[in-house]
Amino acid sequence: VMAMVGALGVLLPAQPAAAADIYVGASEALCGATSIHQALDLAAATPADDEIRLTRTLVYTGVEIQILDWDSDDTGDLALSGGWDDCLDSFAEGRTKLTGAGSGYVVGAMGTSGAAQIFTVTLRDLELTGALTAVGSIGETRLLLEGSRIHGNERGGGAAGGGRLEID
């Protein structure tokens, strides 16, 4: 029976990976990731839409996230979401603060390949502060702000070269 199950498993088509909620927190065992960049790597490995949930168990300082050539056909769209108390929280409340490195974007989304790759990055329930520019969208990208607050930056946000910045 075991050999037959194994043989059938080979014949069945692989199922696409389901969308994931990837928590970022102090414990990789409980959360899945201990840094935003580690969570981005995990999200890029699946073709489904993913949500990276930033817990308040970490302090996010010196943040400079550049999301480059995120092809929604290969990796799905992406959401960075704040307001999570810990990695076991099932409901978000309030915002999570991301303090920039001071010299660039807190979060930037850019399509650089010249292809018509349009992807969406949603920033939900975040407080973005302490950078040259809080958010930016360049190329065929869409950056959507939902319930987020931008303050204390030299420039709030911008879009160029076909990029779109939308505030909900």
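Select Glu 127 to begin, and then its bridge partner Arg 149, which belongs to strand β13. Bear in mind throughout that the model on the screen is predicted. Widening the selection to the two strands shows β10 and β13 paired in the parallel sense over two bridges. They belong to an open sheet of four strands with parallel pairing, and its order is β4-β7-β10-β13. Because β4 (60-63) and β13 (149-150) stand at the edges with a single partner strand each, one side of each has no neighbour in the sheet.

**Along β10**

Stay on β10, which spans residues 126-129, and select Thr 129 within it. With a relative accessible area of 9%, Thr 129 is buried, since the cut-off for that class is under 20%. Showing polar atoms brings up a side-chain interaction: a polar atom of the Thr 129 side chain lies 2.8 Å from the backbone oxygen of His 151. Which residues surround Thr 129, once those up to four places away in sequence are set aside? The residues that Thr 129 touches are Lys 97, Leu 98, Thr 99, Gly 100, Val 106, His 151, Gly 152 and Asn 153.

Move next to the loop between β10 and β11, where Leu 132 is placed. Leu 132 is partly exposed, at 23% relative accessible area. Add Gly 102 to the selection and draw the C-alpha to C-alpha distance, which is 5.5 Å for this pair although Leu 132 and Gly 102 are 30 residues apart in sequence. Not counting residues up to four places away in sequence, Leu 132 touches Gly 102, Ser 103 and Gly 104, together with Asn 153, Glu 154 and Arg 155.

**From β5 across β8 to β11**

Now select strand β8, residues 105-110, which is mostly covered, with five of its six residues buried. This strand can be followed to two partners. Four bridges join β5 to β8 in a parallel arrangement, and within that pairing Ile 67 has Ala 109 of β8 as its bridge partner. Five bridges join β8 to strand β11 (residues 133-138), again running parallel, and here Ala 109 stands opposite Ser 137 in β11.

From β5 (65-68), continue into the loop that leads to α4 (72-75) and select Asp 69. The phi angle of Asp 69 is near 45°, a positive value in a residue other than glycine. Is Asp 69 buried, partly exposed or exposed? At 29% relative accessibility, Asp 69 counts as partly exposed.

A second stop of this kind is Asp 125, in the loop between β9 (119-124) and β10. Phi of Asp 125 is near 55°, which is likewise a positive value in a residue other than glycine. Asp 125 has a relative accessible area of 22% and is partly exposed.

**The seven-stranded sheet**

Select the strands β2-β1-β3-β6-β9-β12-β15 in that order, and an open sheet of seven strands with parallel pairing is displayed. Since β2 (32-33) and β15 (164-167) stand at its edges, each with a single partner strand, one side of each is left without a neighbour in the sheet. At one of these edges, two bridges join strand β1 (residues 20-24) to β2, and the two run parallel. To pick out an individual bridge there, select Val 24, whose bridge partner in β2 is Ala 33.

Then step to strand β3, residues 50-55, and select Glu 51. Glu 51 counts as buried at 16% relative accessibility, as this lies under the 20% cut-off. Its side chain makes a polar contact of 3.2 Å with the side chain of Ser 81. Leaving aside neighbours within four places in sequence, Glu 51 is in contact with Ala 20, Asp 21 and Ile 22, with Ala 79, Ser 81 and Trp 84, and with Arg 124.

**Zooming out**

Finally, display the whole protein chain, whose secondary structure comes to four helices and 15 strands. Of its 168 residues, 39% are buried. Among contacts in the chain with a separation of 6 or more, 62% come from residues 24 or more positions apart. If a surface is drawn, the protein chain exposes about 8500 Å², of which carbon and sulfur atoms supply 56%.

Key: Residues are numbered from 1 along each chain as its sequence is written. This is a predicted model: local features need pLDDT of at least 70, side-chain atom pairs count only at pLDDT 80 or more; totals for chains, interfaces and linings use all residues. Side-chain values use heavy atoms; hydrogens and water are left out. Buried means under 20% relative accessible area, exposed over 50%, partly exposed in between (1.4 Å probe, protein chains only). A polar contact is a pair of N or O atoms within 3.5 Å; within protein, one must be able to donate a hydrogen and the other to accept it, and residues adjacent in sequence count only if both atoms are side-chain atoms. Contact means heavy atoms within 4.5 Å. Two strands pair if DSSP finds at least two bridges between them. Accessible areas come from the Shrake-Rupley method with a 1.4 Å probe; for residues, only the protein chains shown count as cover.
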